[in-house]
Amino acid sequence: MIGEAGSGHPGGSLSAVEIVTDLYFRVLRHKPLDPCWPERDRFILSKGHAAPLLYAALAECGYFPVEELLTLRKLESRLQGHTDCRLIPGVEMTAGALGQGLSFAVGVALAGRLDSMDYRVYVLLGDGECDEGQVWEAAMAAAHFKVDNLVAIVDNNGLQLDGWNRDIMNLAPFAEKWRAFGWHTVSVDGHDLARLDAAFEQVRSVKGQPSVIIARTVKGKGVSFMENQVDFHGKAPNAAEVAMALKELE
Amino acid sequence: MSEIVSLRETYGKTLAELGRENPDIVVLDADLSKSTMTHFFASEFPGRFFDCGIAEQNMVGIAAGLAASGKTPFASTFAVFVPGRCFDQVRMSVAQPGFNVKLVVTHGGISVGEDGTSHQSIEDLALIGALPGFTVIVPADAVETDRAVRAAASCCGPFYIRLGRPKLPLVFGEDYHFRLGKAATMKPGQDVTIIAIGIMVSAALEAAEKLGHQGIDCRVLNMSTLKPIDEEAIIKAARETGAIVTAEEHLEHGGLGSEVAQVTAKHQPVPLEFVAIKDTYARSGKDGELLKKYGLTADGIEAAVRSVMARKK
Ligand SMILES: Cc1ncc(C[n+]2csc(CCOP(=O)(O)OP(=O)(O)O)c2C)c(N)n1
Ligand SMILES: [Mg+2]
C-alpha cells in the first residue's frame, strides 16, 4: 500500500501489526457490516500515521473491499494519509496531530458509562506521542474519573521521528509514570499474540481504574532492512524494496 | 435605561434548564465553573458534569469523544483559553470531524477588565471563524444568550458562543425570536448602517440615537451569528444605505469587520469604517475605562459614522 502510494509511514505501522491484529480478530466485539453498532467496542488510533495498518485490518474484517487498499493517499480515495472518521466505516476518530486520541477515548468511555453500555474502549498510542502534554492530562483525567472501560496500548518501539526516544525526549521510567498516574499497567512483548491476548484478557477484570498495556515492539518489524531504522519512520519503500519486503513478510 | 443582566448567569441557568429537558446534555469545565456559571448545571446534575481541571486541550478532546458517542457536550472556560490554549484540539478533534461540541466561552474581549492582557481575548473570533463548519455566535444581551444556547443545543454541529464578563443592558424583550444566521434589525435607517456584535450593540443603539438628533438616520444591525454570516442583510444595507460601520470587541483583523469587508467587496463595495481594536494588546483597567481607551464606545461609533459619511458619495 505504502509503496503504491509513494509516501507514508511503514515503520510505525509494522510495529503494531500484532497489536491491531489481535484486537480486530480476537479482542474487539464488532460487526464490520454494522460499523455504527452502538454496542461495539471502540478502537481509536491515536497515532494516526499508522493509518495503513488500520485500513488493512478494517478491510480484512470486511468494512470495505480489500482492493480499495491500493488507493491509499490518492485523490478521491477514502483512504486519507491520516485517518478521517467521516470517510471510512469503522474509523472512530480523525487523527494525525499526535497526542489527542487518549482524551477522545476518555470521552467515549465516559459516554459508555453514562449510558450504562458495556462496550470497551481501546486506544493505540505511539511512545514518542507520549511527549505530548495532553497525553498526561488525559491520563490524569482517566484515573480521576475512574474509567475502567478504557485500555490504552502504547506501541513502545523506542523510536520516534528524529531518533530514539531516549535521545530525543527520555520517557523513562515509563511504566512507573503510568502507574503513578493511577493506571493499571502491564508490559508485554508486543509481537507475541498469545501474550497480547493474555494481557487484554487480564485487564478486562480491572475495576475502578484505566489500564495501559505497554507493548514492547520493534519499529519496522518483519522487514529486515526496516527494523529499528529511523529512516523508515516516514519514508515509502521503492519498488525493489517493496518486493523484498513482501517476500520477507510472506 | 433598560435592565442590566449577566449573560454568564443566564447561560448557566439556561444550561441547567436544558439539562432537565435533555438527558444527553453533558457539561465540561476547566476549573472555572464559578466564573462561567456552569456550576448551576453541576450542582443539579453532578453525574453529567466533568470538571477537567486546568487542562483545556484534554477538555476539548473529552468533549469530542462524548459528542462522537451521542452526547451533546457543552464545554466552557474563558475565551482566551478556548481556542487560545487548544486551537489544534478544536481543529482536529472537533472541526474536522464536525462533532456536535458546543464551546461556550466567557470573559471575551477586553471588558474582562483588570485581569489584563493575558486574560483579554481579542483574537478568538478570527481563530474560530477560520474553522470550516463552525457556527459562531456573539450574543448582545442575556435574552439572546438564552436563545443562542438553546439554538446550539438543538442544532447538530460545532458551535462557539462568546460571552463577556460584564452585565449588559437588555436590548431584546422576552418575545425576541432569535434566528440563527440572520441579522436582527435593531433600528431601521437609510443614511448609514452600523453592524455590531456583543457588547457593541447597545453602544451602537446609543450612537444611532444621538446621530438621529443630528439628522443622520442610522440603521443598526445585530450580527450575532458571525458565522455563517448573513450576507443578504449586509448586501442590502450596503445597497440601501451606501456606507457601513462595524463595531466589535475584537481585533480589527479577522472578526466582524473583515467579514463585512469581504462580503461588500465582492457584492456591493461601499465605504467602511471599523470600530475595533487596532493591532495592539490592551491592558488592565476597569471595563468601562478600557472600552473608552480603545474607542469601543458610542462616541467611537459616532466618530466612525461621521468619517464614513464623509467618504460616502
Ligand atoms: C502534534 C504532532 N507533532 C508532530 C507530528 C509529526 N510526527 C508524525 S509521526 C512522529 C513521530 C511519532 O513517534 P511515535 O509516537 O513513537 O510513533 P511510532 O514510532 O509508533 O511511529 C512525528 C513527530 C505529528 N504528527 N503531530
Ligand atoms: Mg515510537
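Okay, a helix here means a DSSP run of H or I at least four residues long, with numbering from the N terminus. Keep that in mind, and keep in mind too that this is a predicted model.

So let's start with one residue, B:Ser258. It sits in helix 10 of chain B, which covers residues 256-267. Is B:Ser258 buried, exposed or partly exposed? Its relative accessible area is 28%, and buried would need under 20% while exposed would need over 50%, so B:Ser258 counts as partly exposed. If we skip residues up to four places away in sequence, B:Ser258 touches B:Glu252 and B:His253. And have a look at B:Phe274: that one is 16 residues along the chain from B:Ser258, with 8.9 Å between the two C-alpha atoms.

Now over to helix 1 of chain B, residues 7-21. Does the length add up, you might wonder? Well, there are 15 residues, and at 1.5 Å a residue they should span 21 Å; the end C-alpha atoms are 21 Å apart, so that agrees. At the N-terminal end, B:Ser6 acts as a cap, with a side-chain oxygen 3.3 Å from the backbone nitrogen of B:Arg8. Several residues of this helix are buried, among them B:Leu7, B:Tyr11, B:Leu15 and B:Leu18. Handy thing to remember: an α-helix has 3.6 residues a turn, so residues three or four places apart point the same way.

Let's zoom out to the domains. The assignment for chain B gives domain 1 (4-169) and domain 2 (184-311). Where they meet, 33 residues come from domain 1 of chain B and 29 residues from domain 2 of chain B. Their C-alpha centres are 25 Å apart, and about 2,300 Å² is buried between them, with carbon and sulfur atoms giving 59% of that.

Next, the two chains. How many residues of chain B are in contact with chain A? It's 24, and they meet 24 residues of chain A. Together the chains bury about 1,900 Å², 64% of it on carbon and sulfur atoms. On the chain B side, B:Phe50, B:Asn58 and B:Met92 supply 27% of the buried area, more than any other three residues.

Last stop, the nonpolar cores. The largest has 125 residues, and A:Tyr24, A:Leu102, A:Leu150 and A:Trp178 touch the most other members. Both domains of chain B put at least three residues into that core. There's also a second, separate core of 61 residues, including B:Leu18 and B:Val27. B:Leu18 is one of those buried residues from helix 1, by the way.

Technical notes:
Residues are numbered from 1 along each chain as its sequence is written. Chains are lettered from A and ligands numbered from 1 in the order in which they are written. This is a predicted model: local features need pLDDT of at least 70, side-chain atom pairs count only at pLDDT 80 or more; totals for chains, interfaces and linings use all residues. Side-chain values use heavy atoms; hydrogens and water are left out. A nonpolar core is a set of buried Ala, Val, Leu, Ile, Met, Phe, Trp, Tyr and Cys residues joined through side-chain atoms within 4.5 Å. Buried means under 20% relative accessible area, exposed over 50%, partly exposed in between (1.4 Å probe, protein chains only). Domain bounds come from an automatic or database domain assignment. Helices (H or I, at least four residues) and strands (E, at least two) are DSSP runs, numbered from the N terminus. Contact means heavy atoms within 4.5 Å. The expected span of a helix is 1.5 Å times one less than its number of residues. A polar contact is a pair of N or O atoms within 3.5 Å; within protein, one must be able to donate a hydrogen and the other to accept it, and residues adjacent in sequence count only if both atoms are side-chain atoms. Buried area is the accessible area (1.4 Å probe) that two parts lose on being put together, summed over both.
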